[in-house]
Amino acid sequence: MPADLLKSVFGHDAFRAGQQEIVEAVTQGRDVLAIMPTGGGKSLCFQLPALARGGVTLVVSPLIALMRDQVAALRAIGVCAGALTSGNTEEETEEVFQALDAGRLKLLYVAPERLGNIGTRRLLSRVGVSFIAVDEAHCVSQWGHDFRPDYLRIGELRAALDVPLAAFTATADPETQTEIIARLFPEQAPDVFLQGFDRPNIHLAFAPKNGPRQQVLKFAASRKGQSGIVYCGTRSKCETLAQALCEAGHGAIFYHAGMDAEERRIAERRFQLEDGLIVVATVAFGMGIDKPDIRFVVHADLPKSIESYYQEIGRAGRDGAPAETLTLYGADDIRLRRGQIDEGQAPADRKDADHGRLNALLGLAEARRCRRRVLLRYFGDETEACGNCDLCDRPPKLFDGTQHVRMALSAILRTGEYFGAGHLIDILRGTDTPKVRERGHGDLPTYGVGKDYSKGEWQAVFRQMMGYDLVRPDMERFGALRMTDAARPILRDEAKIELRQDTIVKAPRRVAVKT
Ligand code: ADP
Ligand code: ZN
């Protein structure tokens with residue numbers, strides 16, 4: 001029966017990997033936690049059982065845009081679905097109530113903030129909910145990267161309604177999984193379905209930041225006419241980069257949270273409907289987008305964690321055809337991301353976890369061999385070298401960087417872990433600056449020991465050291481670098497470290513600026 005619905009309602013000829021087992025378990029009324037890669041086809045795994053089972057399926061989803069899109073898509077294929085969100089007009093809400101009263105509604109999407117509402121609770125207890133589907137279930141985890149306090153109410157709701165629950169997420173780290181289970185299935189463990197995380201059609205590549213605007217323009221130049229997303233860290237960068245892409249002859253628009261809701265909706269629609277448009281966006285963009293033919297995702301600034309990276313690149317190539325990604329990273333990105341974690345309100349152990357996720361991403365950025373292996377290993381999948389990443393295409397040259405690292409650590413320790421990379425590099429290179437003179441650093445034994453290497457080379461060494469978490473910027477001391485325990489064996493000459501030669505780039509050539 002489910003297989004018939006797959007074709008007759010959803011128009012698909014076959015299940016995708018993993019879908020059938022999940023659909024069957026959910027249809028049979030079992031509790032399910034399904035972990036599937038982005039684009040793997042999660043929604044079908046609760047939408048199809050919703051039709052196969054009687055009654056109303058309650059869907060909890062974190063974003064209004066996401067709910068609207070799914071409801072619209074369901075209605076378009078003739079399935080009666082509705083949403084209760086703060087974005088509803090009165091007529092929309094009235095329509096939902098009528099469909100519920102008439103027993104016609106099959107799927108009811110509810111925003112998590114509505115779950116605590118008494119009216120909603122009463123409504124749900126009398127409409128005959130047959131099971132609860134929780135989309136983006138990692139939002140229930142305080143350790144996850146996207147915690148939504150309202151998700152904590154799902155547990156009570158489920159207990160009150162006493163129906164099965166199916167939870168879906170694309171986030172795989174084991175701590176988050178454990179927490180999802182503890183919060184959503186406190187009494188009995190669910191059936192867990194873990195799909196492989198590989199998206200083999202997505203090409204992976206990273207590059208050190210070296211004139212990012214030019215790098216993005218160059219990447220886009222050979223991909224004219226393709227749809228793509230370029231993620232930027234700030235609103236103003238989104239706007240200037242979109243402008244630069246337009247001037248280079250691309251169709252490009254920008255998108256960020258500083259735009260009003262209407263402008264954002266127009267931008268989303270354009271991207272969804274027009275061919276070959278590039279959207280330059282902050283991470284505010286993407287969750288609600290179901291565009292299967294996005295051919296590339298570029299990060300002009302480093303994402304905040306390995307999970308965010310995976311989720312954001314996962315928006316490319318949902319149709320299964322080849323897609324490309326490029327992520328730019330530099331020491332400034334690392335400093336910024338560390339600072340955001342340190343300055344946040346989270347408790348200390350949570351901050352450590354966030355540093356860990358950032359470290360995992362930096363480890364991926366400076367990976368020495370197949371990038372996909374490093375990425376998938378983080379999510380618990382072991383694979384062979386993929387042949388579809390920049391490091392498989394061109395294995396990087398490595399060199400024994402132990403001496404470089406020891407020199408840098410020595411400069412850090414001899415100056416009391418009190419300075420940032422810029423001043424430390426001046427010391428290492430023996431550059432005579434006012435600050436060096438003022439502090440008497442010209443007398444240090446480390447002064448000038450690294451003069452054979454350029455400033456750019458030293459920056460790359462420091463960046464890799466941050467990437468391997470040998471040093472961390474201390475935000476209370478304006479980014480002063482402190483040594484971590486991981487660096488001790490190298491300092492004591494008990495361990496060696498290999499660095500990548502190719503990420504050690506020359507400083508960008510200065511281009512004359514118009515005044
Ligand atoms: P996600 O897992 O990221 O939530 P979606 O549920 O949005 O993914 O599905 C991604 C895309 O895959 C959608 O365009 C959907 O229509 C399509 N899809 C899902 N299942 C199948 C299938 N069995 N056959 C073909 N296309 C499918
Ligand atoms: Zn590879």
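**Exercise 1. Determine how far strand β11 is covered, and describe how β11 is connected and paired with its neighbour.**

Solution. In this predicted model, strand β11, which spans residues 251–255, is mostly covered, since four of its five residues are buried. The next step is to look for a pairing partner: β11 is joined by five bridges to strand β12 (residues 277–281), and the two strands run parallel. To fix the register, take G251, whose bridge partner in β12 is L277. The last step concerns the connection, where β11, helix α11 (residues 261–273) and β12 make up a β-α-β unit that is right-handed.

**Exercise 2. Explain why strand β6 can be described as largely enclosed, and identify the strands that pair with β6.**

Solution. Begin with the count of buried residues, for which the criterion is 20 or more other C-beta atoms within 10 Å of a residue's own. Five of the five residues of β6 (residues 165–169) are buried, and the strand is therefore largely enclosed by the rest of the structure. Then separate the two faces, bearing in mind that side chains in a regular strand alternate between the two faces of the sheet. L165, A167 and T169 lie on one side of β6 and A166 and F168 on the other, and with all of them buried both faces are covered.

Turning to the pairing, strand β1 (residues 32–35) pairs with β6 in the parallel sense over four bridges, while strand β5 (residues 129–134) runs parallel to β6 and is joined to it by three bridges. A166 of β6 serves as a reference point for both pairings, being the bridge partner of V32 and standing opposite A133.

**Exercise 3. Characterise the surroundings of ligand 1 by residue, by class and by secondary structure element.**

Solution. First list the nearest residues: of the 15 residues around ligand 1, those that come nearest are H12, R16, G41, K42 and S43. Sorting the shell by class then gives four nonpolar, seven polar and four charged residues. Finally, ask which element gives the most to this shell; the answer is helix α3 (residues 42–52), with three residues.

**Exercise 4. Compare the span of helix α5 with its expected value, and describe the backbone just after this helix.**

Solution. Helix α5 (residues 90–101) has 12 residues, and from its first C-alpha to its last it reaches 16 Å, which is close to the 16 Å expected at 1.5 Å a residue. Following the chain onward, G103, just after α5, takes a positive phi of about 70°.

Note on methods: Residues numbered from 1 in each chain as written. Chains lettered and ligands numbered in written order. Predicted model: local features only at pLDDT ≥ 70, side-chain atom pairs only at ≥ 80, totals over all residues. Near = placed C-beta within 6 Å. Nonpolar A, V, L, I, M, F, W, Y, C, P; charged D, E, K, R; others polar. Buried ≥ 20, exposed ≤ 12 C-beta atoms within 10 Å, placed from the backbone. Pairing = 2+ DSSP bridges. Expected span 1.5 Å × (residues − 1). Right-handed = clockwise from strand over helix to strand, strands pointing away.
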